[in-house]
Amino acid sequence: MTIQAIDYSTKIPNNVNLTEDRQVLRALESWHPGYIDWWKSMGPEGFQEAMVYLRTAVSVDPKGWAKFDYVKMPDYRWGILLAPQEEGRTIPFGRHLGEPVWQEVPGEYRAMLRRLITIQGDTEPASVEQQRHLGKTAPSLYDMRNVFQVNVEEGRHLWAMIYLLQKYFGRDGREEAAELLQRRSGDPDKPRMLGAFNEQTPDWLSFHMFTFFTDRDGKMQLESLAQSGFDPLSRTCRFMLTEEAHHMFVGETGIGRTLQRTCEAMKEAGIEDVNDIERVRALGVIDLPTIKKKLNMHYSLSLDLFGSEVSTNAANAFNAGLKGRFQESKIQDDHKLDNANYPVLKLVDGKIKRIDEPALTAINMRLRDDYTADCQRGLERWNKIIERTGVAYRLELPHVAFHRQIGEFKNIQAKPDGTIVDDATWSRDKEKYLPSKDDGEFIQSLMKPVTEPGKFASWIAPPRVGIDNKPGDFEYVKIVA
Amino acid sequence: MVDTERKLANGKTRIDFQTDPSLYRHWKLAVDGDVATLAMDVDEKGGLFEGYDLKLNSYDLGVDIELADAIERLRFEHPQVKVVLLRSGKPRVFCAGANIRMLAGATHAHKVNFCKFTNETRNGIEDASEASGLRTICAINGTAAGGGYELALAADHIMLIDDGSSSVSLPELPLLAVLPGTGGLTRVTDKRRVRRDHADFFCTTEEGVKGKRAVEWRLVDEVVPGSKFEEAIRQRAQDFAAKSPRGHGAQGIALKPLKRERASDAVEYSTTSVTFQRPERLATIALRGPEGAPPANADAMLALGADFWPLRLARELDDAILDIRINELDVAAIVFKSCGDGERVLAYDAFLNANRRHWLAREIAHYWKRVLKRIDLTSRSLVTLVEPDSCFAGTLAELVLAADRSYMLIGEREADNKPPAEIALSEQNFGLYPMSNGLTRLASRFLADPAQVDAAKAEIGRKLDAETAERLGLVTFACDDIDWEDEVRVFLEERASFSPDGLTGLEANLRFGGPETMESKIFARLTAWQNWIFQRPNAIGDEGALKRYGTGQRPAFDTKRV
């Protein structure tokens, strides 16, 4: 393939003056075919020819960032779009506070910055890979379109990171970009970099939990990278956040609709006891205790993505001005954290205690606390849904010490309420808190595709409003037989 | 910087180098036929000192003491083992190197002693391969950073998992503003023969090198996908075992715990007594010769096992040296003395020489070689006093040759019926115990005139009195009874009055004349460059990299190049 063969200015919506950037064009020339191959082999399975009603961002202004139309996914116009450059922007935190932001990579931070971008980039295609089988069991065309929308946008987010690697990091950047396409979620030889992105997304409940909890971690990471003193990264992440909001929406409403349907079915059948699992399941809906177990699992896996509570890397990245805190500019402090402390939950002599640590090293902990608060708000809305149906049940986030593989609590076992238990107790009771094989099989048994426009599977309620305000029976995906 | 002492964990007051597999907290040694697996699974809470956690398989001296013990046990207790697999007991992490918080809070003396010991342990791994055919294969299943990669460098064969993220690295310079302290740079250039510009890139790149490039640049021998990793390790173990000369059904001996009694100013072993004259800043190590004749044959030696005098003495002497090095920092000089029958020492040497093809005799010779090297590398003035009733013969005569100064008494002491002091040489002094420069102590001694080595060789087995020994150049000074006390006292007092730092440098310079080897370069560069950098404000000042590591603060460097 040659540059002449593809007119990148129309193929790739962009606001980075792509046609005149020889360096990036040359890099894209080799990278673009690889990306398309990756999409075809690892993107949504069985629906590459379907016409999907997707939103495409063609520019960053309010009119351009959400153009809806039918498109075949491989023809989706993955663009390179950065939020507009702010005149006179200064570095908002760390030792370079107040200095003009960098438009080029500072040499001393090159390795750190490339690492941050590579890790962020690696999560984007990972979720596409994890979700590639979901189209076949979609509970409706509406939901099917939503997973595809999430997928193409994760693909675009990969593009965004690739662009940064190729534009700013020379040969190393190109190599990292190539490797982003070689790693595969769950592959023993080339796994994705972070644990949660190598877990399966076997069913739609998992998908909705994933988009609520794990994509929310992504949102928090993007929020903190959007603060970056490296301006191209900041601008890229700011625009990605506008898309990420939709993923949160898919997760939150997906779980909300599932809860709604379960509670309604229980009420219709006159079942008051939420623990009467067999009878509830017989209604073709997912019982609330199982939903809670899924929540426990996805929340705890997502907490692991924040890394160690006390982290040198996070401290370095903050101090260097590369990765800030959630809503940095709204925080009332010196934005340098030279002498500040932050409370961290730690395991001290077998007990969970709150210990003051230097705030600079507790950056991960702080971001995770903000994440938990953000999750809690969504959870309250779910509880409202349950409450409105009259079912007596509440969802809660498990304790941060529960079911952890990374950080302070990785070597202990704790119940969702934070009580530490011995290994024997944990092994015995674990399936009270986490989905069992049986639970998984039951959920799997409900995963029957519903492809008639306007119809929904038994276990999930229809949405209150359609995408792009379309009517209830709108054909979001035109499946090619 | 305040060079304050850290507190040892669990209320300990000394660092003990004696351990055994039942006490290991950080390693698991498993032997399966001719392949042993030595798995590093560091207990985070098992640090030697208080104040740091050993995260991500990072290590401190306590971890390395166990490793050194395991390597010795493989040589003596498991002579049938041909290949040792050096690997991690933790998923996706190999070893993060020396624990940085430990280093940042350690005294300079501890850092130097720590690096010296870890180097000796790595050299021990290489010696096991070279001398005994015990091959080491290092299987890197995750990050191998700094000391973690240096550990791998000691192996004969390095396998790296090819998972797109696992890398080998020497990030000391970019991360901590110091150099790799366990021979990393020298092994990269001299053992792996990595091109200098590649080495330059590698050693300044915090994240290191992975995958294909790691092989192309000779940093590892092969990369293997995760799904084939275990099978490849098994296969490689077989390949190396097939080529190892070791084994053939040999039965090992147990390295049972040393007999050791400690008093405030003395340590008593079965063959060795250490006494501390603290006001004079001296430690005297007195060695006792064998109580009887050597055993009848090799089987009898095997039956004696760790009780066999040459092995018992070597182990006790090794422990005594290590103890002084790390626990007795104020000792200025180590004085070696001996008592016993030199003839019997020679008889043991002859016995070992006659059985030199027996695996145990061979291992004992190599063990003595390592103990003597450890003495050469001890940064204290080494003094050997050859007095009546001493037995500096053959192997023990190496302690005369290893000393910075040796004094031998001429004739008898007044009012003492002990016969005059004699020394004697054996075959052992002419090749079995090379120094780290690759030469025997005699060859290093007579660099100017190799004929002097031949002259000494002609005296093998003869009893040499003080004047003959002095004439042959085997001792520094021979003095009679009238001068002896004053000569020795004045010398030791003068020694204790010099700058300890100056002496450390001077002795390290003078002990290793002649050629360099990889080993001698490693220690010399450790003493010179690393220890210099370790003392500079750019590393350990309040704004230095080592001090600031982990805080998120950038170091502030004095930018002048020296």
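**Exercise 1. Two residues with positive phi**

B:Ala177 lies in the loop of chain B that connects α5 (172-176) to α6 (184-191). In this predicted model, determine whether B:Ala177 counts as buried or exposed, and then place B:Arg218 and classify it by its C-beta neighbours.

*Solution.* Begin with the backbone of B:Ala177, whose phi is near 65 degrees, a positive value in a residue other than glycine. Next, count its surroundings: B:Ala177 has 22 C-beta neighbours inside 10 Å, and because a residue is buried at 20 or more, it counts as buried. Turn then to B:Arg218, which is not a glycine either and has a positive phi of about 70 degrees. B:Arg218 sits in the loop between α8 (211-216) and β12 (222-224) of chain B. With 16 C-beta neighbours inside 10 Å, B:Arg218 counts as partly exposed, because that number falls between the limits of 12 and 20.

**Exercise 2. The six-stranded sheet of chain B**

Work out in which order the strands of the open sheet of six strands in chain B are arranged, which of them are edge strands, and which strands helix α9 of chain B touches.

*Solution.* The order is β1-β2-β4-β7-β9-β12 (chain B), and the pairing is mixed. The edges are formed by β1 (27-32) and β12 of chain B, each of which pairs on one side only. On average, and with direction ignored, neighbouring strands of this sheet are turned by 20 degrees against each other. Within the sheet, strand β4 (residues 83-88) and strand β7 (residues 135-140) of chain B pair in the parallel sense over five bridges, and B:Val83 has B:Arg135 in β7(B) as its bridge partner. Helix α9 (residues 226-243) of chain B packs on this sheet and touches β2 (35-40), β4, β7, β9 (157-161) and β12 of chain B, while its direction makes about 170 degrees with that of β9(B).

**Exercise 3. Helix α13 and the whole of chain B**

Decide what span the 18 residues of helix α13 (residues 359-376) of chain B should have, and what radius of gyration a compact globule of 562 residues would have.

*Solution.* At 1.5 Å a residue, helix α13 of chain B should span 26 Å, and its end C-alpha atoms are 26 Å apart, so the two values agree. This helix, α13(B), is mostly covered, since 14 of its 18 residues are buried. For the chain, a compact globule with 562 residues would have a radius of gyration near 24 Å, and chain B, with 24 Å, agrees. The C-alpha atoms of chain B fill a box of roughly 75 × 55 × 50 Å along the principal axes, and 51% of its 562 residues count as buried. Chain B holds 22 helices and 20 strands. Among its contacts between residues at least 6 apart in sequence, 74% join residues at least 24 apart.

**Exercise 4. The contact between the chains**

Find how many residues each of chain A and chain B gives to the contact, and which helix supplies the largest share of the side of chain A that touches chain B.

*Solution.* Chain A gives 19 residues and chain B gives 15 residues. On the side of chain A that touches chain B, α3 (110-130), α5 (170-182) and α10 (312-319) of chain A each supply at least two residues, and the largest share, five residues, comes from α10(A). By character, the residues of this side of chain A divide into eight nonpolar, five polar and six charged.

Terms used
Residues numbered from 1 in each chain as written. Chains lettered and ligands numbered in written order. Predicted model: local features only at pLDDT ≥ 70, side-chain atom pairs only at ≥ 80, totals over all residues. Contact = placed C-beta atoms within 7 Å. Helix = DSSP H or I, 4+ residues; strand = E, 2+ residues; numbered from the N terminus. Nonpolar A, V, L, I, M, F, W, Y, C, P; charged D, E, K, R; others polar. Expected span 1.5 Å × (residues − 1). Rg over C-alpha atoms; globule rule 2.2 N^0.38 Å. Pairing = 2+ DSSP bridges. Axes fitted to C-alpha atoms, helices over the stretch in contact; angles between N-to-C directions.
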